[in-house]
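Good morning, and thank you for making time for this presentation. Please have the sequence and the structure open as I speak.

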Amino acid sequence: MSPETTLLLARSQFAFTISFHIVLAAFTLGLAQLLMVLEGLWLWRKQPVWLGLWRYWSKVFALNVAVGIVTGVVMEFSFGTNWSGLASRTGAVLGPMLYMEVLVAFFLEAGFMGVMLFGMNKVRPWIHFMATCIVALGSVFSAFWILAANSWMQTPDGYLIGADGRFRPVDWWAVIINPSFPWRMAHMVVAAILGTACLVGACGAWHLLRDARHPAARHMFSIAMWTLLIMAPLQVVLGDLHGENTRDRQPVKLAAMEGSWDPPLPGHGEPMRLFALPDMAERRNHYELAIPDIGSLYLRHNLQGTIHSLNQYPPDELPWVPLVFWAFRIMVGLGLLMVFTAIAGLVARLRGRLWQARRLQRLMVVMAPAGFFAMLAGWMVTEAGRQPWTVYGLVRTSESISPVAPHFVLGSLILIVTIYLALFGLGLWFLLRLLARPPTEDEEGAEPDVARRTGKGETDA
């Protein structure tokens with residue numbers, strides 16, 4: 001096998017691993033915020049339904065964490081096995097950030113997760129709520145460090161390159177808060193919340209279709225629809241700001257997203273391409289369907305602005321345009337569908353028919369994975385659009401690979417695919433079994449006794 005084959009196998013392995021892990025990690029992040037809100041509502045409103053929902057989704061949270069830990073460990077080990085070239089050159093920059101992610105994840109999330117999952121009837125309510133808040137905060141901190149490291153690879157800053165070719169940090173603030181990090185962090189956190197809201201709303205809708213009077217299903221569906229209404233439009237705004245950053249910092253990626261091979265004619269703006277089949281060999285699009293000038297409206301906020309075009313760059317500096325082009329459209333299409341669903345939910349609520357809106361509920365059931373599919377498509381745009389670089393403009397992916405035999409990478413890829421599919425399939429089976437049963441207000445003795453709720457007659461934890 002050739003070195004190109006080894007590179008392709010290593011990239012395939014990392015893409016497969018991160019695709020599973022990013023969904024599980026995002027679901028953990030979104031569920032942690034949901035559990036914090038549900039417990040806060042129970043402490044505020046003193047309604048058993050909120051605690052029943054907390055217990056219901058805490059089981060899903062525990063299952064998701066159990067499956068997600070495996071995928072995260074394998075992904076980080078792959079830096080040393082398949083990507084030692086990258087680790088050797090950028091270890092001084094990326095290593096401390098990945099270390100902080102592990103430190104935060106285990107000391108905040110894992111340290112307080114036991115109290116959150118098993119301490120409801122053993123500690124005072126305010127102590128338990130504090131543990132839930134710390135787990136939710138820990139999941140955000142974990143995402144913070146992972147996205148800081150990944151964003152630095154997209155828009156590197158705060159470094160010097162020594163005579164040995166290795167990167168050395170000179171300004172940690174610039175390294176961590178690099179030019180693309182704020183937008184990518186906000187975009188990712190909102191995406192995780194949206195993905196969780198779609199699944200929670202689908203679960204609530206599923207049970208409402210069977211019993212429109214089910215109180216827990218009503219609360220579940222309602223809180224999901226409110227979340228979509230707030231977060232989906234916010235994500236559109238964040239996406240626009242993130243796109244402006246990409247336009248200025250990674251122009252080739254934006255050109256691939258738009259399928260723009262050549263600049264428009266003088267006096268015209270960028271078209272909005274609804275459909276096209278990009279051809280890497282001929283460096284043009286086939287069967288293009290576009291609306292003239294409208295692309296400039298969201299790219300430059302006018303009707304005649306232009307962007308960099310793909311044919312301005314040599315072939316060895318281009319990503320695989322078809323993947324980036326179509327992944328971007330899937331992400332945007334699903335995002336707009338979430339906005340439409342949120343507006344439809346608001347209309348049904350204002351008409352007093354949210355619980356009887358059968359079409360809306362069926363739509364939500366279908367949209368159960370929509371948020372996570374949109375997030376996966378976004379990650380494809382982010383990672384595939386950066387190619388052929390691991391550190392954008394500085395370190396090529398072909399320079400980052402480990403000097404390992406192709407059959408070793410192929411064998412580990414087959415092993416990982418087998419284990420992941422079995423593990424993910426088993427986890428999905430358990431998840432569907434959990435969600436198929438409607439939540440109840442007395443979910444496993446959901447209501448602690450009055451003394452514990454008020455904190456009377458109980459010693460400190």
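Let me begin with a question: is Tyr 287 buried or exposed? Tyr 287 is exposed, with a relative accessible area of 66%. Please bear in mind throughout that we are looking at a predicted model.

Tyr 287 is placed in strand 4, and its backbone deserves a remark. The phi angle of Tyr 287 is near 55 degrees, which is a positive value in a residue other than glycine. As a general matter, most residues other than glycine have a negative phi.

Tyr 287 also belongs to a group of residues on the surface. Together with Leu 274, Phe 275, Leu 277, Leu 289 and Ile 291, Tyr 287 forms a nonpolar patch with about 590 Å² of accessible area. Two elements each give two or more residues to this patch, namely strand 3, residues 272-279, and strand 4, residues 284-291. Leu 277, for its part, sits in strand 3. The relative accessibility of Leu 277 is 36%, so this residue counts as partly exposed.

I now turn to charged pairs. How many salt bridges does a search of the whole structure find? The search finds 8, and I shall describe some of them.

The pair of Glu 288 and Arg 273 brings us back to the two strands just mentioned. These residues form a salt bridge in which the closest N and O atoms are 3.2 Å apart. Because Glu 288 lies in strand 4 and Arg 273 in strand 3, the pair ties together parts that are 15 residues apart in sequence. The two partners have unlike surroundings: Glu 288 is partly exposed at 40% relative accessibility, whereas Arg 273 counts as buried at 8%.

This pair is part of a wider arrangement, since Glu 270, Arg 273 and Glu 288 are linked in a network of salt bridges. Where is Glu 270 found? It is in the loop between helix 8, residues 251-258, and strand 3. Glu 270 is buried, with a relative accessible area of 1%. Leaving aside neighbours within four places in sequence, Glu 270 is in contact with a number of residues, including Ser 260, Pro 264, Asp 293, Ser 296, Leu 299 and Thr 306.

Two further salt bridges may be set side by side. In one, the side chains of Arg 386 and Glu 383 meet at 2.7 Å, N to O. Arg 386 and Glu 383 are 3 residues apart in helix 12, residues 370-386, so about one helical turn separates them. Both Arg 386 and Glu 383 are buried. In the other, the side chains of Arg 168 and Asp 164 meet at 3.3 Å, N to O. Here Arg 168 is partly exposed at 39% relative accessibility, and Asp 164 is partly exposed at 46%.

Let us move on to the packing of helices. At what angle do the axes of helix 1 and helix 6 cross? The axes of helix 1, residues 3-45, and helix 6, residues 181-210, cross at roughly 80 degrees and come within 8 Å. Helix 1 and helix 6 are therefore roughly perpendicular to each other. On the helix 1 side, the residues that meet helix 6 include Ile 22, Phe 27, Gly 30 and Leu 34. On the helix 6 side, they include Met 188, Ala 192, Thr 196 and Val 200.

A second pair consists of helix 7, residues 215-249, and helix 11, residues 358-366, whose axes come within 13 Å and cross at roughly 75 degrees. That makes helix 7 roughly perpendicular to helix 11. In this case Phe 221, Met 225 and Leu 228 in helix 7 meet Leu 360, Gln 361 and Met 364 in helix 11.

Finally, I return to the backbone, at two loop positions. Lys 46 is found in the loop between helix 1 and helix 2, residues 48-81. Its phi is near 60 degrees, again a positive value in a residue other than glycine. Lys 46 is partly exposed, with a relative accessible area of 39%.

Which peptide bond is cis, with omega near 10 degrees? It is the bond from Gln 387 to Pro 388. Pro 388 is placed in the loop between helix 12 and strand 5, residues 389-391. In general, most peptide bonds are trans.

Thank you for your attention.

How values were computed:
Residues numbered from 1 in each chain as written. Predicted model: local features only at pLDDT ≥ 70, side-chain atom pairs only at ≥ 80, totals over all residues. Heavy atoms only, no water. Patch = residues over 30% accessible without salt bridge, like charges linked within 9 Å, V, L, I, M, F, W, Y side chains within 5 Å. Areas by Shrake-Rupley, 256 points an atom, 1.4 Å probe, with all protein chains shown as cover. Salt bridge = Lys/Arg side-chain N within 4 Å of Asp/Glu carboxyl O. Helix = DSSP H or I, 4+ residues; strand = E, 2+ residues; numbered from the N terminus. Buried < 20%, exposed > 50% of the residue type's maximum accessible area, 1.4 Å probe, protein only. Axes fitted to C-alpha atoms, helices over the stretch in contact; angles between N-to-C directions. Parallel < 35°, antiparallel > 145°, perpendicular 65-115°, else oblique. Contact = heavy atoms within 4.5 Å.
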